[in-house]
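Me: I would like a close look at the largest cavity in this model, with what can be said about the parts around it. Please keep it plain, and say how far the prediction can be trusted.

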Amino acid sequence: MSQNKNRFHYAWWILIALCIIVGLGKGALNNSSGLFLTPVTKDLGIGMGNLSLYFSVSAIVTMLFLPIGGKLMAKYDTRLILIVGIILQAGAFAMFGLMSSVWGWYIFAVPLAVGGVFITVIAGPVIVNQWFKKGNGLALGIMSAAGGALGAVAQPIVGKLIGGQGWRAAYISVGIAVIIIIIPIVLLLIKRSPQAKGLLPYGMEEKQQVQEGINTEADAGSKGVTLSVARKSSSFYALVLFFFLITSIASFSMHIPTYLMDKGFDVTFAGNVMGTYMIGVLVGSLVIGFLSDKIGSKLTAIIAMGAGLIAICLLTFSSNSTGMITFAVGLFGVISSSIGTLGPSLTSSLFGNREYSQIYSTASMGLAISSVVALPLYGYAFDFTGSYTIVLYAIIAMLIINIFCVFVAYKGKKKLVEDGSWN
């Protein structure tokens, strides 16, 4: 299993494949769903609230299936899981094009969410963690940034399909196209593990190779704690709360255009600012991934939450300055990107690789719960108070709590190490 250090490590081919797989799953399917709402409701006479309720169905299914998905990912061949996942997710998306009742969206939201758990939530962090022992954070950042870029390309294409061919043809075309693109990529590029290809993960030192005849797949970089031990630790619950709060914080991005227009700015300015937000997401994915590798996940998380405090304070107290608002929203985009980079990096740092997929998928329930709770709460807060002021103060409080969560999590890890559970 010796490797030539000058050769292009296969881990980078894995990363390229993941950028396409996760990028299409998020950008072409999940993120384009909002484009269909208006044409579907107008054509079928369905209320917007009734149709968008399928997002909540999907979020609840995601929350319930995450722990199961993590176990399946650890047990079965990665390629089989990804193929089944994309057929469920993209196939359900295509089936929306054949529906004439809102119940169709509720029913197919189930396979859409089950497949999405593998494609958009678990696959990226788990596979990157298998293949990268060096540059793990940067790899996650690249994947997140590439996913955002693919989404930026996919959105106008989907919009044109809806305008030119109608929403039914667009649903079917996009769903089938994603399946046709992703399955060959999975079969050609994705491998079960580095050891299955006769390699060590990228960055693992030559001296860590074991002698021929020993089970290298089990021995290569599998230190950490089990899920059962992790779930009894303060670190685990601090991480779940961190996931919940960072997702709740990032969810405010959906309300930023309304917030700006409520302040008297026009829709053109709001659109330009949201463009700055997307740039912040792309830059943040790379910067946070790079910092996680260089200075560690703990310090990176604290810096990220501090930057979030600056962004929200600028929005709260400098709401009439176009320059300050643009800068603040761009900085907020950097913080929003931390969901895809900091979360997986913190999980690996706190609990190791021993049962990473099970621990990460279970802790990610915080992400799913937030998806159900945060967005409607922000909307209700605006309806009842007439502004987003109370929401901004709540986000400041959440950022401070998240800094506290980081300290609690690493204090809990220290206890796990001292007890001999981290090995």
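Reply: What follows starts with confidence, goes on to the cavity and its helices, and then turns to other sites in the chain.

The model is predicted. Its mean pLDDT is 83, and 92% of the residues reach 70 or more. Residues 209–220 are a weak stretch, with pLDDT below 50, although the model gives this stretch twelve contacts beyond near neighbours in sequence. Where pLDDT is low, the predicted coordinates should not be read in detail.

Now the cavity. Searching the whole structure turns up one cavity of 30 Å³ or more. The space in the largest cavity is about 40 Å³. Its lining consists of Ala-238, Leu-239, Phe-242, Leu-346, Leu-350, Cys-405, Val-406 and Ala-409. By class, that makes eight nonpolar residues, with no polar and no charged ones. Three helices each give at least two residues to this lining: H10 (234–250), H15 (338–351) and H18 (389–418).

Helix H10 can be followed further, since Ser-248 is also found there. Ser-248 counts as buried because its relative accessibility is 3%, and the cut-off for buried is under 20%. Apart from neighbours within four places in sequence, Ser-248 has contacts with Ser-370, Ala-374, Tyr-378 and Met-398.

Helix H16 covers residues 356–363, and eight of its eight residues are buried. The buried set includes both Tyr-356 and Tyr-360, along with Ser-357, Gln-358 and Ile-359. Ser-361, Thr-362 and Ala-363 are buried as well.

Elsewhere in the chain, Gly-115 sits in helix H5, which spans residues 102–131. With a relative accessibility of 0%, Gly-115 is classed as buried. Gly-115 touches Gly-85, Leu-88 and Gln-89 when residues up to four places away in sequence are not counted. Leu-53 is 62 residues from Gly-115 along the chain, and their C-alpha atoms are separated by 19 Å.

Leu-286, in helix H12 (residues 267–295), falls in another class. Its relative accessibility is 38%, so Leu-286 counts as partly exposed. Leaving out residues up to four places away in sequence, Leu-286 touches Leu-138, Gly-141, Ile-142 and Ala-145. Between Leu-286 and Gly-296, ten residues apart in sequence, the C-alpha to C-alpha distance is 14 Å.

Met-204 is placed in a loop, between helix H7 (167–189) and helix H8 (216–219). Met-204 is nonetheless buried, with a relative accessible area of 11%. From Met-204 to Ile-295, the separation is 91 residues in sequence and 19 Å in space, C-alpha to C-alpha.

Last, the aromatic rings. The whole structure contains 21 aromatic pairs. Ring pairs join Phe-36, Tyr-54, Phe-93, Phe-96, Trp-105, Trp-167 and Tyr-171 into a cluster.

To return to your request: the largest cavity holds about 40 Å³, and helices H10, H15 and H18 each supply at least two residues of its lining. The lining has eight nonpolar residues. For the stretch 209–220, keep in mind that the pLDDT is below 50.

Notes:
Residues numbered from 1 in each chain as written. Predicted model: local features only at pLDDT ≥ 70, side-chain atom pairs only at ≥ 80, totals over all residues. Heavy atoms only, no water. 1 Å grid on protein atoms, 1.4 Å probe; cavity = no way out; pocket = protein on both sides within 12 Å on 5 of 7 lines; lining within 4 Å. Points joined across faces, edges and corners; volume = space filled by probe spheres on them. Helix = DSSP H or I, 4+ residues; strand = E, 2+ residues; numbered from the N terminus. Nonpolar A, V, L, I, M, F, W, Y, C, P; charged D, E, K, R; others polar. Phe/Tyr/Trp six-rings, centres within 6.5 Å; stacked < 30°, edge-to-face > 60°. pLDDT = per-residue confidence, 0-100. Contact = heavy atoms within 4.5 Å. Buried < 20%, exposed > 50% of the residue type's maximum accessible area, 1.4 Å probe, protein only.
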